[in-house]
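Please take a moment with the sequence and the model shown here. The paragraphs that follow go through them step by step.

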Amino acid sequence: MSELKTMKAMQDEVDAYISSFKEGYFPPMELIARLTEELGELSREVQHVHGMKKKKSSEMPSTLTEETGDLLFVLICFANAQGIELTEALDAVLNKFKTRDADRWTKKEEI
């Protein structure tokens, strides 16, 4: 079993990979288009696994893990290209949800 990576380590690893090419990161709109494309592919796979619309025999096999990884890779590329520290972004949104939605959902009973 491999060690779990921190968000920072993932961002650094993607940056090292992308930085090894002269072209570097794609422009923001290209990354957003790719993010949308990858989300569509993940959505298609979820539909195949959990929904009513199964894949045709002519469609390439894939997995939820693979499609989620593709989506995460492009999201990390976008964040890196824009100078966004994903740990800070996630901390901020979790704080927002914990504050704004503190009483919105039914909490589980504590044992």
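Phe97 is a residue of helix α4, in a model that is predicted. With a relative accessible area of 35%, Phe97 is partly exposed, because that value falls between the 20% under which a residue counts as buried and the 50% over which a residue counts as exposed. Measuring from C-alpha to C-alpha in the model, Phe97 and Arg44 are 28 Å apart in space, while 53 residues separate them in sequence.

The helix that holds Phe97 covers residues 86-100, and its length can be checked by a short piece of reasoning: at 1.5 Å a residue, the 15 residues of α4 should span 21 Å, and since the end C-alpha atoms are 21 Å apart, expectation and model agree. At the start of α4, a side-chain oxygen of Glu85 comes to within 2.7 Å of the backbone nitrogen of Thr87. Leu86, when residues up to four places away in sequence are not counted, touches Met7, Gln11, Ile76 and Ala79. Beyond the other end, in the segment after α4, lies Asp101, which is buried because its relative accessible area is 13%, under the 20% that sets the limit. The side chains of Asp101 and Arg100 are joined by a polar contact of 3.2 Å.

Stepping back to the chain as a whole, one finds that its secondary structure consists of four helices and zero strands, so that, read from the N terminus on, the order of elements is α-α-α-α. How does the extent of the chain compare with that of a compact globule of 111 residues? Such a globule would have a radius of gyration near 13 Å, but the protein chain has 18 Å. Taken along the principal axes, the C-alpha atoms fill a box of roughly 50 × 40 × 35 Å. Of the 111 residues, 19% count as buried, and the accessible surface comes to about 9,100 Å², with 61% of that area belonging to carbon and sulfur atoms. Among the contacts with a separation of 6 or more, 61% are accounted for by residues 24 or more positions apart.

Which residues make up the largest nonpolar core? There are 12 of them, namely Val14, Ile18, Leu31, Leu35, Leu42, Leu71, Val74, Ile76, Cys77, Phe78, Ala79 and Leu86. The elements that contribute two or more residues to this core are α1 (7-19), α2 (28-50) and α3 (64-82), and of these α3 gives the most, with six residues.

Helix α2, one of the contributors to the core, has 23 residues and reaches 32 Å from its first C-alpha to its last, which is close to the 33 Å expected at 1.5 Å a residue. The buried residues of α2 are Leu31, Leu35, Glu38, Leu42 and Glu45, and these buried residues pack against α3. As a general point, an α-helix has 3.6 residues a turn, so residues three or four places apart point the same way.

After α2, in the loop that leads from α2 to α3, comes Ser62, which counts as buried because its relative accessibility is 17%. The side chain of Ser62 makes a polar contact with the side chain of Glu66, at 3.4 Å, and another with the side chain of Glu67, at 2.6 Å. Leaving aside neighbours within four places in sequence, Ser62 is in contact with Glu45, Lys55 and Glu67, and Glu45 is itself one of the buried residues of α2.

Helix α3 also holds Gln82, which counts as partly exposed because its relative accessibility is 39%. Gln82 and Leu39 lie 20 Å apart in space, C-alpha to C-alpha, and 43 residues apart in sequence.

The last stop is towards the beginning of the chain, where Lys5 lies in the segment before α1. Not counting residues up to four places away in sequence, Lys5 touches Met10 and Glu13, and the side chains of Lys5 and Glu13 are linked by a polar contact of 2.5 Å.

Conventions:
Residues are numbered from 1 along each chain as its sequence is written. This is a predicted model: local features need pLDDT of at least 70, side-chain atom pairs count only at pLDDT 80 or more; totals for chains, interfaces and linings use all residues. Side-chain values use heavy atoms; hydrogens and water are left out. A nonpolar core is a set of buried Ala, Val, Leu, Ile, Met, Phe, Trp, Tyr and Cys residues joined through side-chain atoms within 4.5 Å. Buried means under 20% relative accessible area, exposed over 50%, partly exposed in between (1.4 Å probe, protein chains only). Contact means heavy atoms within 4.5 Å. The expected span of a helix is 1.5 Å times one less than its number of residues. A polar contact is a pair of N or O atoms within 3.5 Å; within protein, one must be able to donate a hydrogen and the other to accept it, and residues adjacent in sequence count only if both atoms are side-chain atoms. The radius of gyration is taken over C-alpha atoms; the globule rule is 2.2 Å times the number of residues to the power 0.38. Accessible areas come from the Shrake-Rupley method with a 1.4 Å probe; for residues, only the protein chains shown count as cover.
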